[in-house]
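Subject: Structure handover

Hello,

Here is the structure I promised to pass on. Please open it alongside this note; my findings follow below.

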Amino acid sequence: MHIKQVMVMGAGAVGGYFGGRLAERTDVDVSFIARGPHLEALQKEGLLIKSEQGTSRINIQAFRNPTHAPAVDLILFTVKSYDTAEAIEQIAPVVSEHTQILTIQNGIENYPQLVEAFGAERVIQGFCKIGAGVSRPGVIAHKAFGEITAGEQDGSESERVKVIEALFGQAKVPIHISSQITKDVWLKFTWNCLLNMVTAAGNVTVDQIFHHKESEQLCYKLFDELQQVAAKEGIELLDKEGEAIIESSKKLKGFETSTYQDRQKGKPMEYEAFTGAVVRLAEKHNIDIPHHQTLYALLKLIDNGG
């Protein structure tokens, strides 16, 4: 596998940051797929990343339609979960037998959709850890973290994973190759189901959850329910893992989750990928999860009524 052309499918905060680093720091050609005012700004002014690491103005290629971009070796798939089906249709014409797709989206339902569409040999599962947002069209505000985890389902270090590791290493983006990617994705999913969803419902930053014992306890109750659901899916979430997720989050002063940011901007919220997925799995296994069901109802009300 040789990577010369990269496409960022969904050049928002996540895709914009990681794709921007590839465009800025490596010799690969990067095409950004975006829409609306963000696309217009990218085409006219390029990409601006404002970060604690410094400010970078990056000249890029940006398109509305993936078929207008150059032939691609790697697709960095970063659209919101609710846009996955549409994005799959959009990239289908440009996915060849030489193309690899790395998904670093939120949730546990996107990777299976991509595999169904393109086959496991075309898709690599991953996720990212980053605090970033689109502060205005064409501008990514990078506030914290900025790392990727990826891996093969069988835990092997395949050639394609090694090539992607080397590429992001060249871009000075920390990338971790996991030997248990399914479990690691579930741990990230757990973080989001707890902290991302509670901050969105409460309209607060992560640290503010822990200003009240009741909201802190809610996180533990949500974990207990998620633990039951995960077990039915063959995933063991340990008590100490849930405690580590919650306790470490207390240190994230002022951290704005992605769904909290969406609520602040009046954008659709990605709760279906998290709480919605848990509710659907609980129904599948006939498990009672009252805290998730209540949270799901509140998020749906906020999203559709606010």
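Strands are DSSP runs of E with at least two residues, helices are runs of H or I with at least four, and both are numbered from the N terminus. This is a predicted model, so local features need pLDDT of at least 70 and side-chain atom pairs count only at pLDDT 80 or more, while totals for chains, interfaces and linings use all residues. Residues are numbered from 1 along each chain as its sequence is written, and side-chain values use heavy atoms, with hydrogens and water left out.

Strands β8 and β9

Start with Gln125, which lies in strand β8. Gln125 counts as buried at 8% relative accessibility. Buried means under 20% relative accessible area, exposed means over 50%, and partly exposed is in between, with a 1.4 Å probe and protein chains only. The side chain of Gln125 makes a polar contact with the side chain of Gln153, at 2.8 Å. A polar contact is a pair of N or O atoms within 3.5 Å; within protein, one must be able to donate a hydrogen and the other to accept it, and residues adjacent in sequence count only if both atoms are side-chain atoms.

Gln125 also touches a set of residues beyond four places away in sequence, including Thr103, Tyr111, Thr149, Ala150 and Val185. Contact here means heavy atoms within 4.5 Å.

Ala150 sits in strand β9, residues 139-151. Its relative accessible area is 3%, so Ala150 is buried. Leaving out residues up to four places away in sequence, Ala150 touches Leu102, Ile124, Gln125, Gly126, His176, Ile177, Ser178 and Ile181. Ala150 and Ile124 are 26 residues apart along the chain, and their C-alpha atoms are separated by 7.1 Å.

Phe145 lies in β9 too. Phe145 is not a glycine, yet has a positive phi of about 55°. At 34% relative accessibility, Phe145 is partly exposed.

Helix α2

Which residues of helix α2 (residues 36-45) are buried? They are His38, Leu39, Ala41 and Leu42. They cover an arc of only 165° around the axis, so they lie on the same side of α2. The arc is that of the directions from the helix axis to the C-beta atoms. Pro37 and Lys44 are exposed on the other side of α2. The buried residues of α2 pack against β3 (47-51), β5 (61-63), β8 (123-136) and β9. Gly46 follows α2 and has a positive phi, near 80°.

Thr99

Thr99 is in the loop between α3 (84-91) and β7 (100-103). Thr99 is buried, with a relative accessible area of 0%. A polar atom of the Thr99 side chain lies 3.1 Å from the backbone oxygen of Val72. A polar atom of that side chain lies 3.0 Å from the backbone nitrogen of Ser96. Thr99 touches Val72, Asp73, Ile75, Val94 and Arg122, not counting residues up to four places away in sequence.

Helices α7 and α8

Helix α7 (residues 213-232) packs with helix α8 (residues 239-249) at an angle of about 145°, and their axes are 10 Å apart. Axes are lines fitted to C-alpha atoms, for helices over the stretch in contact, and angles run from 0 to 180 degrees between N-to-C directions. From α7, the contact is made by Glu216, Cys219, Tyr220, Phe223 and Gln227; from α8, by Asp239, Gly242, Glu243, Ile246 and Glu247.

Tyr220 of α7 is partly exposed, with a relative accessible area of 21%. Tyr220 touches Glu243, Ile246 and Glu247, not counting residues up to four places away in sequence. The C-alpha atoms of Tyr220 and Glu243 are separated by 7.8 Å, with their positions 23 residues apart along the chain counted as the separation.

Other points

In helix α10 (residues 275-285), the buried residues are Thr275, Gly276, Ala277, Val278, Val279, Leu281 and Ala282. Asn286, just after α10, takes a positive phi of about 60°.

Lys172 is in the loop between α5 (159-170) and β10 (175-177). Lys172 is a residue other than glycine with a positive phi, near 60°. Lys172 is exposed, with a relative accessible area of 66%.

Best wishes
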